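User: Could you take a close look at one residue in this model for me? I'd like to know what surrounds it and how that spot fits into the rest of the fold.

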Amino acid sequence: MAKIAFLQGEYEDKLGVLYLVAYLKAQGHYGEIFIERRGWFDEIKTFKPDIIGFSCLTGGHLWVEVCAKIIKRDNKWDIPIIIGGSHPTFFPLMVENPYIDFICRGEGEHALKELLDRIDTGGDVTAIANIWAKKNGTIIKNDVRPLIENLDVLPIPDRSHYEKYPFLKNNPHKRMIASRGCPYNCTYCYNNAYKSLYVHKGKTVRRRSVANVIEEIVLLKENGGWQTLEFVDDSFLAVKEWFMEFAEAYRKNTSLPYACFGMAKNIDAEVAAALKKSNCKCVEFGIEAGNEKIRKEVYKKNISDDDIKRAAAILHAQHIKFLTFNMVGAPFETTEHMAETIRLNQEIKTDYPWCSIMQPYPGTEIFNYCVENGLIASSAEINSFTYFENSILNQPVKKNIENVHRLFFLFAKVPLLNRFYSTIVNLPLAPLYTLIFYACYTYSLKKRYSVTFRHLLRYWFKVQATKRLLGNKDNS
């Protein structure tokens with residue numbers, strides 16, 4: 001049996017890692033999750049892992065790289081480190097970092113099990129599908145293996161590892177996923193690159209059976225339950241027949257509320273009635289841009305204004321609250337374009353208008369578009385771990401973008417501010433606007449997910465601590 005320590009910085013359910021620890025346990029290995037807190041390196045050292053693992057998104061890789069440096073350089077631990085998740089999948093040369101030994105591209109269950117098998121038996125750890133490894137100064141680049149076709153063969157995510165962390169165990173907001181992959185091709189997402197990585201390797205979009213999802217729900221309910229369960233699938237409502245079966249089964253097994261992601265096109269009267277009957281508390285769908293040309297041509301999100309207005313009206317008719325995902329800072333987006341996004345949210349009476357600053361991740365279609373149009377250098381990197389701070393595009397309205405983002409919730413909820421919009425977004429009041437943003441952010445999370453102020457405060461302090469850690473990384 002080989003042992004792996006998974007290190008986590010986020011104060012939330014990390015579903016990918018929960019799947020991995022459950023799968024490795026079923027295969028005869030053991031994984032333990034360690035969440036960053038005072039004295040956590042002492043806990044890891046006592047555990048005596050054979051390998052240390054991280055899972056990260058782009059942005060989150062900055063924290064991972066700092067931790068890897070502390071482990072190898074400062075603590076002088078001679079323990080191999082492997083990084084998985086979306087960032088190393090699309091930026092595998094992360095393995096060139098002197099403190100990182102392996103990266104895993106794509107799905108990790110089978111690859112990680114094979115790696116631990118070989119660590120356990122002393123086999124060759126460099127010739128494993130999905131894994132990039134170092135050997136005698138050379139990087140061994142192995143191709144990915146086929147995708148797991150039947151998701152039901154995987155064990156239910158093992159949440160028992162969070163029992164020792166009260167702030168996670170007692171968090172009223174739980175997360176779950178019923179599928180893998182996304183059928184859409186938005187330019188700001190890595191989905192196109194993921195499909196290219198797995199061409200001829202199986203279907204990228206796969207869905208668990210309703211029975212399998214309900215099994216996890218029942219287990220979660222028996223172990224403390226939730227106040228809001230959020231399904232984070234990219235396309236939870238995409239297959240109507242599956243959802244209708246799910247809604248009926250969910251209603252029969254629990255009356256606790258849930259929230260889910262959807263596309264406006266997937267919401268019709270029948271789906272909304274099933275959502276209401278099964279106690280869906282909130283539906284989340286993307287607008288992204290109020291200007292239809294930007295939404296369809298720049299973001300390639302094939303959703304019309306009419307689709308959005310129809311979905312909103314249907315949800316209102318069932319008294320189901322909804323959240324909209326919005327972005328500001330698209331290439332060549334003007335202050336008036338951003339105002340269109342605000343007005344569309346006002347028109348449909350969005351309950352929870354959510355807004356991010358568009359981040360052109362390297363490797364995405366929109367990044368290439370920005371480079372071709374002189375808005376960003378081809379060598380540009382994302383050096384922030386949030387979507388809420390600044391725009392990295394060279395645009396004349398950059399400060400307006402950041403101000404609109406900070407005030408988006410307020411503008412969307414208070415139409416009386418429209419007449420003062422142009423003046424407000426040009427004022428040099430960033431500190432005040434940032435406070436307003438945090439107040440609105442807190443209100444939205446508390447209302448949507450019943451998250452306590454204590455949990456939100458802990459999360460805020462964690463974000464500030466991470467900023468300080470990353471701010472010091474170049475000076476260490």
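The residue I have in mind is Lys-174 in strand E8. Which side chain of opposite charge is nearest to Lys-174, and how far away is it?

Analyst: Sure, and keep in mind that this is a predicted model. Lys-174 sits in strand E8, which covers residues 173-176. The nearest side chain of opposite charge is Asp-13, 5.0 Å away. A salt bridge here needs a side-chain nitrogen within 4 Å of a carboxyl oxygen, and Lys-174 has no salt bridge even though it is buried. What its side chain does reach is the backbone oxygen of Asn-171, at 3.4 Å.

Now for the company it keeps. Setting aside neighbours within four places in sequence, Lys-174 touches Asp-13, Leu-168 and Lys-169, plus Leu-220, Gly-225, Trp-226, Thr-228, Leu-229 and Glu-230. Several of these names come back below.

Take Asp-13 to begin with. Asp-13 belongs to a network of salt bridges that also links Arg-159, Arg-208 and Glu-216. Within that group, Glu-216 and Arg-159 meet at 3.1 Å, N to O. Glu-216 is in helix H8 (residues 210-222) and Arg-159 is in the loop between E7 and helix H6 (166-169), so their bridge ties together parts that are 57 residues apart in sequence. Both ends are tucked away: Glu-216 counts as buried at 3% relative accessibility, and Arg-159 counts as buried at 16%.

Lys-169, another contact of Lys-174, has a salt bridge of its own, to Glu-163 at 3.4 Å, N to O. That pair is less hidden: Lys-169 is partly exposed with a relative accessible area of 44%, and Glu-163 is partly exposed with 41%. Over the model, the salt bridge count comes to 28.

Next, the strand itself. E8 belongs to an open sheet of six strands, ordered E8-E11-E12-E13-E14-E15, with parallel pairing. E8 and strand E15 (352-357) are the edge strands, and each pairs on one side only. From one strand to the next, the twist averages 25°. The partner of E8 is strand E11 (residues 228-231), joined to it by four bridges and running parallel. One of the matched pairs is His-173 with Thr-228 in E11, and Thr-228 is also among the contacts of Lys-174.

The sheet has helices packed on it too. Helix H13 (residues 335-347) touches strand E13 (280-288), strand E14 (321-328) and E15, and its direction makes about 175° with that of E14. Helix H17 (residues 430-449) packs on the sheet as well, touching E8, E11, strand E12 (258-262), E13, E14 and E15, and its direction makes about 130° with that of E15. H17 therefore counts the strand of Lys-174 among its contacts.

Moving across the sheet, E11 pairs with E12 in the parallel sense over three bridges. Leu-229, one more contact of Lys-174, stands opposite Tyr-258 in E12. Why call E12 enclosed? Five of its five residues are buried, so E12 is largely enclosed by the rest of the structure. Side chains in a regular strand alternate between the two faces of the sheet. In E12, Tyr-258, Cys-260 and Gly-262 are buried on one side, and Ala-259 and Phe-261 are buried on the other.

At the far edge from E8, strand E15 is joined to E14 by six bridges, with the two running parallel. Asn-326 stands opposite Cys-355 in E15. E15 is an edge strand, yet it is mostly covered, with six of its six residues buried. On one side that takes in Tyr-352, Trp-354 and Ser-356, and on the other Pro-353, Cys-355 and Ile-357.

To round off the picture, there is also an open sheet of seven strands with mixed pairing, in the order E2-E1-E3-E4-E5-E6-E7. Strand E6 (residues 131-135) and E7 are joined by four bridges and run antiparallel, with Lys-135 partnered by Thr-138 in E7.

Back at the starting point, then: Lys-174 is a buried lysine without a salt bridge, placed on an edge strand of the six-stranded sheet, with its side chain reaching the backbone oxygen of Asn-171.

Key
Residues numbered from 1 in each chain as written. Predicted model: local features only at pLDDT ≥ 70, side-chain atom pairs only at ≥ 80, totals over all residues. Heavy atoms only, no water. Buried < 20%, exposed > 50% of the residue type's maximum accessible area, 1.4 Å probe, protein only. Lys, Arg positive; Asp, Glu negative; His and termini not counted. Polar contact = N/O pair within 3.5 Å; in protein donor to acceptor, adjacent residues only side chain to side chain. Contact = heavy atoms within 4.5 Å. Pairing = 2+ DSSP bridges. Axes fitted to C-alpha atoms, helices over the stretch in contact; angles between N-to-C directions.
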